[in-house]
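Please open the structure in your viewer and keep the selection panel at hand. This tour goes from stop to stop, saying what to select and what is found there.

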Protein chains: 6
Amino acid sequence: MHKSHGASLGPPALLGVPFDANSSYLRGAALAPPLIRQALKCDASNSWTETGINLESPGLYHDAGDLELDGEDGFGLIDPGVQAVLAREMRPLCLGGDHSITFPILTALARHFHDITIVHFDAHPDLYADYEGNPNSHASPFARIMENKLAKRLIQIGIRTLNGHQKQQAAQFGAELFEMKKLPPSDYLKTWCPVYISFDMDALDPAFAPGVSHREPGGLTVREAVHYLHAITGPIVGADVVEYNPVRDVSGLTATVAAKILKELLGVMVRERHSSGETPKC
Amino acid sequence: MHKSHGASLGPPALLGVPFDANSSYLRGAALAPPLIRQALKCDASNSWTETGINLESPGLYHDAGDLELDGEDGFGLIDPGVQAVLAREMRPLCLGGDHSITFPILTALARHFHDITIVHFDAHPDLYADYEGNPNSHASPFARIMENKLAKRLIQIGIRTLNGHQKQQAAQFGAELFEMKKLPPSDYLKTWCPVYISFDMDALDPAFAPGVSHREPGGLTVREAVHYLHAITGPIVGADVVEYNPVRDVSGLTATVAAKILKELLGVMVRERHSSGETPKC
Amino acid sequence: MHKSHGASLGPPALLGVPFDANSSYLRGAALAPPLIRQALKCDASNSWTETGINLESPGLYHDAGDLELDGEDGFGLIDPGVQAVLAREMRPLCLGGDHSITFPILTALARHFHDITIVHFDAHPDLYADYEGNPNSHASPFARIMENKLAKRLIQIGIRTLNGHQKQQAAQFGAELFEMKKLPPSDYLKTWCPVYISFDMDALDPAFAPGVSHREPGGLTVREAVHYLHAITGPIVGADVVEYNPVRDVSGLTATVAAKILKELLGVMVRERHSSGETPKC
Amino acid sequence: MHKSHGASLGPPALLGVPFDANSSYLRGAALAPPLIRQALKCDASNSWTETGINLESPGLYHDAGDLELDGEDGFGLIDPGVQAVLAREMRPLCLGGDHSITFPILTALARHFHDITIVHFDAHPDLYADYEGNPNSHASPFARIMENKLAKRLIQIGIRTLNGHQKQQAAQFGAELFEMKKLPPSDYLKTWCPVYISFDMDALDPAFAPGVSHREPGGLTVREAVHYLHAITGPIVGADVVEYNPVRDVSGLTATVAAKILKELLGVMVRERHSSGETPKC
Amino acid sequence: MHKSHGASLGPPALLGVPFDANSSYLRGAALAPPLIRQALKCDASNSWTETGINLESPGLYHDAGDLELDGEDGFGLIDPGVQAVLAREMRPLCLGGDHSITFPILTALARHFHDITIVHFDAHPDLYADYEGNPNSHASPFARIMENKLAKRLIQIGIRTLNGHQKQQAAQFGAELFEMKKLPPSDYLKTWCPVYISFDMDALDPAFAPGVSHREPGGLTVREAVHYLHAITGPIVGADVVEYNPVRDVSGLTATVAAKILKELLGVMVRERHSSGETPKC
Amino acid sequence: MHKSHGASLGPPALLGVPFDANSSYLRGAALAPPLIRQALKCDASNSWTETGINLESPGLYHDAGDLELDGEDGFGLIDPGVQAVLAREMRPLCLGGDHSITFPILTALARHFHDITIVHFDAHPDLYADYEGNPNSHASPFARIMENKLAKRLIQIGIRTLNGHQKQQAAQFGAELFEMKKLPPSDYLKTWCPVYISFDMDALDPAFAPGVSHREPGGLTVREAVHYLHAITGPIVGADVVEYNPVRDVSGLTATVAAKILKELLGVMVRERHSSGETPKC
């Protein structure tokens with residue numbers, strides 16, 4: 001396929017990616033997709049986003065189901081799975097799984113869009129050259145993405161575990177890394193380029209999202225996260241919500257929060273389409 | 001009874017309203033009153049409000065016990081129950097129960113006070129014309145209140161589930177609706193009119209108050225809520241704390257938070273009485 | 001021992017003080033030290049502070065183990081235990097235990113440093129003349145400290161349970177008491193004097209730290225707490241993290257938060273040493 | 001209505017009785033019916049009883065929904081509600097609610113059947129003349145039933161809280177009371193008379209059913225309970241499962257157990273009908 | 001004091017021994033006494049034992065409060081604390097605390113009674129010569145007791161962790177050790193000698209008592225334990241309930257079970273006194 | 001490979017099989033292996049089995065790690081993974097994963113041993129021809145095994161969900177199916193043939209093992225299960241412990257129970273080897 005700005009912005013397609021074999025500490029994130037879907041449709045909540053869009057309006061988004069990753073090489077199947085969504089002129093909104101899935105997702109997306117800006121919410125930079133010898137570790141996706149020039153800019157928000165190695169990596173890749181101790185104004189997320197949003201649930205404080213493999217206190221509130229999501233202006237060509245780990249959840253709280261993030265992500269993805277209608281350029 | 005400004009501002013009277021038959025999704029809020037009382041008197045806390053008032057000072061407030069709502073028509077007994085409190089020249093501070101109880105409470109209050117301003121904390125506007133056919137649903141009290149002109153102003157704070165129908169209802173009733181994404185300054189709550197405060201526990205983020213039927217992430221912190229309560233200046237003629245659902249609580253956290261809200265509500269109700277001594281006008 | 005500014009700022013020494021016999025309501029805080037240590041070393045987190053220091057660098061801090069407080073008079077052994085750390089030219093970073101331990105810790109410290117400024121994070125002022133007859137109660141350490149002139153200034157942050165008696169005590173001792181409803185700017189914590197930091201886990205909101213004996217809603221977020229810790233500029237001569245009570249914890253959340261506070265405390269204690277190298281004066 | 005043996009044994013009718021106003025210690029049992037139904041239909045279980053009956057076979061039992069007990073006098077509505085089921089020639093299988101509901105249920109049944117044998121599973125005899133002044137207390141239904149001669153025999157199984165007063169009551173009413181410390185052989189439950197089964201969830205040990213208001217250790221295992229249920233041979237004219245209290249449940253365990261008891265109860269009720277087809281005599 | 005059979009069997013005296021410094025793995029058992037007392041007096045239960053005794057009858061037993069073990073050498077204070085109870089002609093019923101407390105308790109008792117038979121319920125034999133160098137470890141009390149000839153017989157029930165060393169120790173001390181896989185008939189506990197009952201909560205299966213430091217599946221049911229307690233016939237000169245660890249409890253289940261064991265222990269201790277009135281001989 | 005009795009009985013080899021893609025209702029069992037290993041080595045327990053064997057004796061068993069099932073066709077890799085263990089003359093003791101893994105395990109085993117007797121502990125017969133179209137479902141392994149004549153006898157213990165279809169399947173395959181309502185005497189498990197033990201954690205009652213996907217009340221106690229395991233006399237050529245699902249566990253109880261079952265399984269596997277030393281025949 002010819003790489004161009006010209007890919008049209010079709011509807012978002014929900015795509016479960018139940019894969020957690022690249023987790024370094026604790027598996028379980030592969031169990032997330034059905035639980036997030038269930039929370040999204042819970043009778044206790046409603047179908048409207050805070051941006052005023054009714055997600056139950058026919059055709060607003062598509063549910064492409066979950067990738068079948070058990071049969072063969074799971075990790076290798078993510079790129080073609082996302083590719084299949086793109087081939088149907090839809091924009092992938094992936095439910096992880098661990099964070100390693102973002103690299104194959106971007107591999108697929110970068111064939112269709114260039115000059116992508118990634119807005120990455122996370123407690124960790126995930127920029128390790130490799131982690132315990134695994135270059136595809138969930139601690140390394142953005143190193144792989146930047147090395148392969150799958151994105152032009154990488155904006156990281158919510159970081160609170162920066163170490164020497166990752167600081168160096170961030171500098172080398174030109175990452176715009178914002179630690180919790182100095183968050184950017186929301187205007188910083190205004191852009192005209194194609195945007196990919198990668199939301200690691202541990203960007204949130206564990207008080208709000210205890211169901212993650214790596215609980216890192218001092219994180220974003222849900223309100224702060226939603227505020228940033230609403231502030232993103234560019235055409236959103238894809239997104240993911242990753243690292244919700246049901247094994248660590250408390251009373252189902254984190255499933256509900258993941259569904260909220262998903263809902264508002266759908267809201268901003270759909271808003272873009274409505275307001276512009278155009279092909280994203282940069 | 002003659003409707004007038006002239007009702008004097010007696011002490012607050014705690015009144016349990018263990019009623020949850022108008023809940024749309026999950027019952028349990030009727031179990032709240034004894035648990036909130038227990039948390040209020042827990043040896044681990046103290047009796048002083050943040051506004052410097054010792055709630056154990058004799059006569060500061062009265063405990064009118066819980067309404068007996070099982071014997072006959074529960075919903076129909078709320079108005080006379082509140083009326084009985086008002087007849088003793090006390091101001092009702094009701095512990096729900098689901099949010100449907102606010103309509104009969106206001107029905108009783110509006111016979112004694114007019115031009116009431118309602119300050120309503122909630123994740124939901126509760127303005128449905130009816131919900132699943134029930135006009136007394138806990139999703140509808142403020143529609144009933146405004147239709148019946150039981151209040152002059154309705155200020156809603158903390159909303160994050162606005163849909164098309166409720167937006168229309170809010171416009172029709174002139175509700176001053178503030179979504180979480182754009183909260184008002186606390187000064188906005190300065191008023192000289194009689195004020196009624198209706199506090200739905202789900203106004204708070206589920207991280208702070210998991211024990212609610214409808215967990216809606218992205219809500220107020222306890223600190224923000226207390227800040228707003230302290231900022232209310234008008235004579236407070238009544239209040240409620242509703243929708244604490246013990247079935248969903250985690251480790252008793254929400255009972256403690258409900259007791260905190262109750263405590264600060266008592267503080268501001270009593271402060272008004274001390275500072276003015278006068279009959280509220282508008 | 002000659003009291004002087006001259007004590008050098010050696011490395012911090014972690015010292016467990018498993019003592020909770022002065023708790024007024026619920027014991028359990030004595031169980032905290034091994035659980036905080038375990039959380040600090042959990043594989044799910046990393047060893048770098050937010051201030052960019054790798055705590056695993058050799059010699060950065062020392063672990064002096066836990067005091068043996070069962071054999072004899074537990075409370076009486078705290079002062080000599082801390083003294084032993086000071087004698088090795090290390091700065092005590094104590095893991096409680098209940099808050100009563102801060103008095104003997106300061107007793108030891110005041111032999112080495114004078115003009116100490118205490119920065120005290122707490123929901124409660126802990127200034128009771130005595131509590132239920134116990135002058136060493138965990139509700140009284142700062143009364144004892146100020147009476148004995150073990151510190152020059154007492155800055156209290158996060159208070160939300162001020163009552164008449166404690167207000168009076170605060171005034172008498174000249175405590176700079178900041179309630180949650182009016183927190184100081186972080187610049188307020190800039191000082192050139194020797195600083196002691198006393199961090200009661202209940203300064204944090206129970207949503208973040210449910211594992212405390214006295215849950216008091218409306219507290220600091222972890223982010224706010226870390227922000228204040230980072231803002232302290234003076235030479236830090238000692239610190240404590242107290243009142244984590246595992247009996248009340250939910251899913252281990254509070255152990256992780258206590259370890260985070262400990263980590264950032266170590267970061268600021270070590271930073272001082274690196275940047276100044278000098279003996280603290282005031 | 002003419003009292004006779006002649007009432008035919010129609011299908012069981014599931015009838016929710018969400019009433020807990022006669023609970024002495026803790027309310028919440030009124031929340032049970034929808035949760036038991038949900039557990040009965042959970043995809044994780046199957047529809048066959050241990051006695052080899054597929055509960056999904058059409059017409060095997062009827063679901064009569066829940067009584068509406070909020071509108072008027074709740075307790076007074078139970079008798080007519082059960083009466084309506086009987087009028088449709090169905091046998092009531094009631095889901096409580098607290099144990100007080102068994103008195104009005106038997107009141108209705110005794111108009112249709114006489115010489116009823118009650119098989120009553122419980123930690124408590126529930127034979128108080130009254131409890132704290134309430135003759136309809138959930139601690140008193142079998143006193144009322146026996147006084148009013150609504151049953152001929154009362155067999156009590158699982159008792160472990162016998163006191164002087166209740167021992168006397170049991171003797172007076174001729175109750176065949178079996179304490180946990182001396183359970184009867186299962187053959188004891190063979191009878192030709194009409195049988196009513198009243199199953200209080202606290203008959204089970206709290207390890208199996210923590211979700212009850214009165215946890216009384218040392219109770220039946222689920223296996224023992226099911227064994228007794230299977231051993232009952234008489235024509236079963238009605239039954240109840242009461243006192244499941246979701247507020248006290250742990251991880252939904254007790255809802256699943258209540259559904260299991262319900263399932264096996266349905267199995268034995270239906271078996272009787274299939275095997276005999278006749279009207280029960282004694 | 002003159003050692004004799006002649007000590008009279010006074011009423012049982014409840015004595016809290018909040019000591020857990022000899023725990024090898026996890027502390028917390030020192031927190032148990034107030035929680036067991038609270039569960040014993042819970043309004044949800046009643047005051048009669050299964051053996052037909054009303055524990056609220058005046059003078060039936062005495063509550064001697066908790067030993068103050070923080071001030072000085074905790075372990076050393078247990079013997080004199082128990083001695084003080086014996087001096088008042090009462091029989092100690094101690095609430096641990098970890099199991100190490102049984103050695104000093106027996107030390108005190110053996111001054112008053114000889115030829116004591118210990119009935120010991122436990123998952124572990126607790127016969128280690130020492131554990132990790134500590135001869136007073138909670139894994140060693142019965143080695144100390146038997147070496148010091150403080151008891152004549154040691155009957156151990158519920159064991160399921162026998163290893164080579166402890167098997168040898170049991171043989172050497174002539175312990176009558178019954179593993180879970182071969183429990184004795186209850187008649188085995190008939191004796192005319194003075195009996196001491198030591199009940200380690202981990203004798204019970206963790207399904208019934210999760211709140212213990214060492215969860216060892218495959219244990220006694222509460223019913224089996226109560227059955228054994230009721231079967232003991234000798235004059236009971238003392239008892240303990242140890243190793244309840246609230247830090248590991250689930251929803252307060254184990255506190256309730258510990259209170260049940262305590263209640264039935266009181267029942268059998270009091271029964272002996274009533275029925276015999278005589279001084280125990282052997 | 002030549003099929004013979006002649007394969008020698010080497011040491012057991014622990015082999016994790018983290019696979020749950022054939023679960024019908026809830027995934028999560030793939031997370032079990034590391035958690036069971038962790039519980040096995042917990043400092044709170046000891047290394048001796050109830051049959052008197054110290055599992056820490058060198059060479060007693062081998063840990064073959066976990067199969068890597070993510071890289072390629074997970075299900076297809078189980079047979080060769082087990083084959084590799086057998087090729088090293090070790091006996092596989094597999095940690096699931098869901099129950100579907102037993103089919104490929106037996107496929108591998110049947111190449112080395114014939115006339116295998118399977119002793120299968122489970123709440124469910126797992127004999128479905130297929131489940132929701134999946135012939136490899138975790139509800140079908142024993143249908144596949146018996147069809148393929150991989151075993152001579154199938155003894156099923158603990159069943160409590162028998163339906164028409166599975167009853168028919170059991171009859172066709174000659175399964176010796178024992179429902180909970182009529183368990184066999186333990187002598188029934190005496191055999192001289194090669195034995196394979198398949199232990200589904202849901203054979204146990206949910207009070208003992210809540211951490212399973214399908215909680216089915218009325219199951220075995222841990223003691224009953226251990227009693228059966230100890231009663232098996234034949235040479236044990238392999239075993240599995242499956243269906244522990246950490247997502248549903250309560251306070252880690254089920255991990256501890258799974259480790260206990262594993263421990264006793266190791267004990268009986270090793271005992272056989274010690275006592276016979278011979279090749280199993282039938």
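The stops below take in sheets, a contact between chains, salt bridges and some details of the backbone. Keep in mind throughout that this is a predicted model.

**The sheet of chain D**

Begin by selecting chain D and showing it as a cartoon, where you will find an open sheet of 8 strands, paired in parallel and arranged in the order 2-1-3-8-7-4-5-6. Follow that order to its ends, and you come to strand 2 (62-66) and strand 6 (176-179) of chain D, which stand at the edges because each has a single partner strand, so that one side of each is left without a neighbour in the sheet. If you look along the sheet, neighbouring strands are turned against each other by 15 degrees on average, direction ignored.

Next, select residues 117-121 and 195-200 of chain D, which are strand 4 and strand 7; these two run parallel and are joined by 5 bridges. Which residue of strand 7 is the bridge partner of D:Val119? It is D:Ile197, and labelling both residues lets you find this place in the pairing again.

With strand 7 still in view, add helix 3 (residues 102-109) of chain D, which packs on the sheet and touches strand 3 (91-95), strand 4, strand 7 and strand 8 (236-242) of chain D. The direction of this helix makes about 170 degrees with that of strand 7 of chain D.

Before leaving chain D, zoom in on the peptide bond from D:Gly96 to D:Gly97, which is cis, with omega near 0 degrees. D:Gly97 lies in the loop between strand 3 and helix 3 of chain D.

**The sheet of chain F**

Now select chain F, which has an open sheet of 8 strands with parallel pairing and the order 2-1-3-8-7-4-5-6. Its edge strands are strand 2 (62-66) and strand 6 (176-179) of chain F, each of which pairs on one side only, and the twist averages 15 degrees from one strand to the next.

Within this sheet, pick out residues 195-200 and 236-242 of chain F, that is, strand 7 and strand 8, which pair in the parallel sense over 6 bridges. Here F:Tyr196 stands opposite F:Gly238 of strand 8. Then move to helix 1 (residues 32-40) of chain F, which lies across strand 1 (12-17), strand 2 and strand 3 (91-96) of chain F and runs at about 145 degrees to strand 2 of that chain.

**Where chain C meets chain A**

Show chain C and chain A together and colour them apart, since the next stop is the contact between them. The size of an interface is often given as the accessible area lost when the parts come together. Chain C and chain A bury about 1,700 Å² between them, with 58% of it on carbon and sulfur atoms, and the contact takes 22 residues from chain C and 22 residues from chain A. On the side of chain C, select C:Ala44, C:Glu50 and C:Arg223, which lose the most area to chain A and together make up 29% of what that side buries.

For the charged contact, show the side chains of A:Glu216 and C:Lys260, which meet in a salt bridge (3.8 Å, N to O); the count between the two chains is 1 salt bridge. There are also 4 residue pairs in polar contact between chain C and chain A. Helix 6 (222-231) and helix 7 (253-276) of chain C each supply at least two residues of the side that touches chain A, and the largest share of that side, 5 residues, comes from helix 7 of chain C. By kind, the residues of this side of chain C divide into 9 nonpolar, 8 polar and 5 charged.

**A salt bridge within chain B**

Over all chains, the structure holds 66 salt bridges. To see one of them, select B:Glu50 and B:Arg223, whose side chains meet at 2.8 Å, N to O. This pair links distant parts of the chain, 173 residues apart, with B:Glu50 in the loop between helix 1 (32-40) and strand 2 (62-66) of chain B and B:Arg223 in helix 6 (residues 222-231).

**A last backbone stop**

Finish at A:Asp115, which lies in the loop between helix 3 (102-109) and strand 4 (117-121) of chain A. Its phi is near 55 degrees, a positive value in a residue other than glycine. Most residues other than glycine have a negative phi.

Notes: Residues numbered from 1 in each chain as written. Chains lettered and ligands numbered in written order. Predicted model: local features only at pLDDT ≥ 70, side-chain atom pairs only at ≥ 80, totals over all residues. Heavy atoms only, no water. Pairing = 2+ DSSP bridges. Helix = DSSP H or I, 4+ residues; strand = E, 2+ residues; numbered from the N terminus. Axes fitted to C-alpha atoms, helices over the stretch in contact; angles between N-to-C directions. Contact = heavy atoms within 4.5 Å. Buried area = accessible area lost by both parts, 1.4 Å probe. Salt bridge = Lys/Arg side-chain N within 4 Å of Asp/Glu carboxyl O. Polar contact = N/O pair within 3.5 Å; in protein donor to acceptor, adjacent residues only side chain to side chain. Nonpolar A, V, L, I, M, F, W, Y, C, P; charged D, E, K, R; others polar.
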